[in-house]
Amino acid sequence: MPTNLAQYTPLQLENVDLALPNRFTFPYYYTPHPTCKLAMQQLQQSLIDNGVNETSQGKLYAVLLVQNPITQEIGYLSAFSGLQLDPILASQLKSIDFVPPAFDSEQFKPQNSVNLARQSRLADDIEKLQKSHNLDALESDLETLKAESTQAIGAFQLAMAENKAQRTVLREQANQEKTFGNLESAASLLKKLGHQSSQEKRDLKALRIEWKQKITERQLQVDAIESELKNRKQDYQAISAELEAQRLNHYRFINQATESKSLLDLLEGKDALEGSGDCCLPKLLNFAFEYGFKPLALSEFWWGLPPADVIRQHGNLYPVCQSKSFEILDHQLNGIELEDNPLIVNPASSKSFDIVYEDNEIVVVNKPEEFLSVPGKFIEDSVYTRIKARYPNATGPLIIHRLDMSTSGLLILALTAASNKHIQKQFIDRTVEKRYTALLDDEIEGRSGDISLPLRGDITDRPRQLVCHEHGRNAETHWEVVSTKNGKTKVHLYPKTGRTHQLRVHCAHPFGLGVPIRGDDLYGYKRDRLHLHAGYLKLIHPVTGEWIEFEVPSEF
């Protein structure tokens, strides 16, 4: 094992008496081991010393606490998420030796230079074809010709109809001439009218042929260019698919047995999410296993400004992104004993909830925090399962709406299918009045206002939500300040829409209130609980037709 690796940093443990971790960090939900926390603080100080702080471009960093199995020395390895740093950050942090990525672009390019060059040429050909032939203009001309053809033929047919009506009148006059004995005059007129009718039909046919030829001529031009473009695009897609397979195959990950697998093998035909393979922990483990270090613990944190769409807090801890790393880590951590998965532990096992109201149609409960509304992937216990057990003869799906596991407050369930449908329609029509209470982690400006920030799910990091003005769904919230005390702000929140994590994102995002809800471990800072409570509900009773309202104050 090399003893002078630049990427390895000895941990400064003078006058510190800490026990080492006996199991590796469960990567998707964890509290950092105290020794690993020291390593994280040491890296953060290095970032500060190099001029990277809360106003710098934000990045996710990580430390992997490791042990040299020969010398027993404790140290750490550092990494950042992604393939490379921004040039400004790279310049500032050139004195910090981060572990290399699993993907070596400098090696990949020469190995695939032929295909990369071919892909580039095809891209250029496609762009040149589109520009030189001005396909958009040709297609526009084609549509114009079709419209002009329809207009010209329609106008001619209208004139024909008018001429036909005039000829009908003249034919009646000719027939009258016959009754008066003017046979020759009548025959001449009828012959003339017949010729006019035949000529108009021939002219219409000729007009249709003329326009058809014009349209066909232009259509052939368009088809020829589109056919050539289609062939080039198919070639481009084929070479791109081949390059993508080669790219994924170029990502190599090893485990403690130094068994190597590519990202292509690990995904087993699934599409790679953006950033797959470039997260911190896979590259840290790769380096540790390659040089014989024993991984002990992990800690990841955000440092600097957040992106516009994703909510990140400077200096805050974050778990490994399961969506992008699960298959990789399943291989890399094979044979390594992990801490218990806290996500499969039921935090509500010792909790109960109060029945606020019940009759033959509905039941209203006050759900505690850290209590599921419906069964989850690992935990069956929930408001739904307990209500189902309490009312075994209830019909229908019971659940009408949900609260996040970490949110406390009023939850209404229907005991009959008809009542469920009736109340569900009220939620859909947004006639149900809802009010939440939240305690924010800081003071805010203003006394009330409205927030409109469209939201969509982050497919690369579920269950987080993104602010997305292009593809997000409309989300609106009204807010009012209740009180400000000890640097914290209590607010009432009135959601006009019901998007996932709407209130949490609208509070935390800089274009919302700009302050996270206290205890929000997704968009703010983890505390003893999420300080968000659904305290007020008003709706129409499904049977009596009368307005009913419920209110339970928050415990904070």
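Me: Which residue follows α5, and what is the sign of its phi?

Reply: Gly181 comes after α5, and its phi is positive, near 90°. Keep in mind that this is a predicted model.

Me: And what about Phe180: why is it called exposed?

Reply: Phe180 has a relative accessibility of 68%. The cut-off for exposed is over 50%, so Phe180 counts as exposed. Its place is in the loop between α5 and α6. For a sense of distance, the C-alpha atoms of Phe180 and Gly154 are separated by 40 Å, with these positions 26 residues apart along the chain.

Me: How do you know that the span of helix α5 agrees with its number of residues?

Reply: Helix α5 covers residues 135-179, which is 45 residues. At 1.5 Å a residue the helix should span 66 Å, and the C-alpha atoms at its ends are 66 Å apart, so the two values agree.

Me: Which residues of α5 are buried, and what do they pack against?

Reply: The buried ones are Leu135, Leu138, Leu142, Leu145, Ser149, Ile153, Met160, Arg167 and Ala174. Their partners are α4 (113-132) and α6 (183-250). A general point helps in reading such a list: an α-helix has 3.6 residues a turn, so residues three or four places apart point the same way.

Me: What makes α5 and α6 roughly antiparallel?

Reply: Their packing angle is about 170°, and their axes lie 10 Å apart. Angles over 145 degrees count as roughly antiparallel, so α5 is roughly antiparallel to α6. Sorted by class, the residues in this contact are 22 nonpolar, eight polar and 15 charged.

Me: Let's move along the chain. Why is Cys279 called buried?

Reply: The relative accessible area of Cys279 is 6%. Buried means under 20%, so Cys279 is buried. You will find Cys279 in the loop between α7 and α8.

Me: Which residues does Cys279 touch, leaving out those up to four places away in sequence?

Reply: Cys279 touches Ser81, Lys324 and Ser325. Ala102 is another residue to look at: Cys279 and Ala102 are 177 residues apart in sequence, yet 9.4 Å apart in space, C-alpha to C-alpha.

Me: Where do Lys324 and Ser325 sit, and are they buried or exposed?

Reply: Both belong to helix α9 (residues 322-332), and both are buried. Glu327, Ile328, Leu329, His331 and Gln332 of α9 are buried too. The buried residues of this helix pack against β4 (252-254), β5 (260-262), α7 (263-267) and α8 (280-290).

Me: How do you know that Asn420 is buried?

Reply: Asn420 has a relative accessible area of 4%. With the cut-off for buried at under 20%, Asn420 is buried. Asn420 is part of helix α11 (residues 417-428). Not counting residues up to four places away in sequence, Asn420 touches Pro397, Leu398, Ile399, Ile400 and Ala414.

Me: Now the whole chain. What radius of gyration does the protein chain have, and what would a compact globule of 556 residues have?

Reply: The protein chain has 36 Å, whereas a compact globule of 556 residues would be near 24 Å. Along its principal axes, the C-alpha trace spans about 135 × 75 × 50 Å.

Me: How many helices and strands does the protein chain have, and what share of its residues is buried?

Reply: There are 12 helices and 17 strands. Buried residues make up 44% of the 556 residues. Of the contacts between residues at least 6 apart in sequence, 69% join residues at least 24 apart.

Definitions and conventions: Residues are numbered from 1 along each chain as its sequence is written. This is a predicted model: local features need pLDDT of at least 70, side-chain atom pairs count only at pLDDT 80 or more; totals for chains, interfaces and linings use all residues. Side-chain values use heavy atoms; hydrogens and water are left out. Helices (H or I, at least four residues) and strands (E, at least two) are DSSP runs, numbered from the N terminus. The expected span of a helix is 1.5 Å times one less than its number of residues. Buried means under 20% relative accessible area, exposed over 50%, partly exposed in between (1.4 Å probe, protein chains only). Contact means heavy atoms within 4.5 Å. Axes are lines fitted to C-alpha atoms, for helices over the stretch in contact, and angles run from 0 to 180 degrees between N-to-C directions. Angles under 35 degrees count as roughly parallel, over 145 as roughly antiparallel, 65 to 115 as roughly perpendicular and the rest as oblique. Ala, Val, Leu, Ile, Met, Phe, Trp, Tyr, Cys and Pro count as nonpolar, Asp, Glu, Lys and Arg as charged, and the others, Gly among them, as polar. The radius of gyration is taken over C-alpha atoms; the globule rule is 2.2 Å times the number of residues to the power 0.38.
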